[in-house]
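The exercises below are meant to be worked with the sequence and the model side by side. Try each task before reading its solution.

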Amino acid sequence: MTYQAPVDDIMQALKTAADLDGLVADGTLAGVDEETLRAVIEEAGKFASDVLDPLSKVGDRTGSKLVDGKVVTPPGWKEAYQQFAEGGWSGLQAPEEWGGQHLPAILGTAAAEIWNSSNMGFGLCPLLTHGAIDAIEAQGSDELKKTYLPKMVTGTWTGTMNLTEPHAGSDLG
């Protein structure tokens, strides 16, 4: 069965749980209306169905590997990420100053839910990148922002998580 984004359910959740009508009316969403939100969510769903879902199984079975000092991803994943970056998805909610679309975070959250639902392995990369973008934007020096944000927002570079918890049985070294 091919993944189909539950666009109507997401829109209903945004209306009831997030008070979408109120957010549009009071300007919180910076001029983005319900029609625009739905259109972006529908496109995120198409990307999930057409590109990410078919790669989920091969990603789980093949995995990424380190070969001769380079990461080799499962077949189709590199091309999927290129489509993701070229489609502007990495910069959906990032500031325009750094090449982003500056759309509301609530829209980025809805899109991420769709991508994670269709292919969690793929969805984790943008999740970490968006977290890094937010952290650098909020606390980074001007030099760090100029160095990292344009590349991360356009999807040229990604964010990562580096941690180890040997006391919890997850020494990632």
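**Exercise 1. A salt bridge inside one helix**

In which helix do K46 and E43 both lie, and how many residues apart are they?

Solution. The model is a predicted one, in which local features need pLDDT of at least 70 and side-chain atom pairs count only at pLDDT 80 or more, while totals for chains, interfaces and linings use all residues. Residues are numbered from 1 along each chain as its sequence is written, and side-chain values use heavy atoms, with hydrogens and water left out.

Step 1: K46 and E43 are both in helix 3, three residues apart, which is about one turn of the helix; helices here are DSSP runs (H or I, at least four residues), numbered from the N terminus.

Step 2: the side chains of K46 and E43 meet in a salt bridge of 3.1 Å, N to O, the term requiring a side-chain nitrogen of Lys or Arg within 4 Å of a carboxyl oxygen of Asp or Glu.

Step 3: K46 is partly exposed at a relative accessible area of 46%, and E43 is partly exposed at 38% (buried is under 20%, exposed over 50%, partly exposed in between, with a 1.4 Å probe and protein chains only).

Step 4: elsewhere, D8, R38 and E42 are joined into one network by salt bridges that share partners.

**Exercise 2. The partners of K15**

Find the salt bridges that K15 forms with D21 and with E34, and place the second in the chain.

Solution. Step 1: in the bridge between D21 and K15, the closest N and O atoms are 3.0 Å apart.

Step 2: D21 has a relative accessibility of 45% and counts as partly exposed, and K15, at 27%, is partly exposed.

Step 3: E34 also meets K15 in a salt bridge, at 3.0 Å from N to O, and this pair links distant parts of the chain, with E34 in helix 3 and K15 in helix 1 (residues 7-16), 19 residues apart.

Step 4: E34 is partly exposed, its relative accessible area being 28%. A search of the whole structure gives five salt bridges.

**Exercise 3. Following the aromatic rings**

Trace the ring pairs that involve F84, starting from F47.

Solution. Step 1: rings of Phe, Tyr and Trp (its six-membered ring) pair if their centres lie within 6.5 Å, and planes under 30 degrees apart are stacked, over 60 edge-to-face, and the rest tilted. By this rule there are eight aromatic pairs.

Step 2: F47 and F84 make a tilted pair, 6.1 Å centre to centre with 45 degrees between the planes. Because F47 lies in helix 3 (residues 34-62) and F84 in helix 4 (residues 77-86), the pair ties together parts that are 37 residues apart in sequence.

Step 3: F47 is buried at a relative accessible area of 9%, and F84 is buried at 0%.

Step 4: F84 also forms an edge-to-face pair with F122, 5.7 Å centre to centre and 75 degrees between the planes. F122 lies in helix 6 (residues 120-139) and F84 in helix 4, so this pair ties together parts 38 residues apart in sequence.

Step 5: ring pairs link F47, W77, Y81, F84, W89, W115 and F122 into a cluster.

**Exercise 4. Where two helices meet**

Which residues of helix 5 meet which residues of helix 6?

Solution. Step 1: W115, N116 and S118 in helix 5 meet M120, G123 and L124 in helix 6, contact meaning heavy atoms within 4.5 Å.
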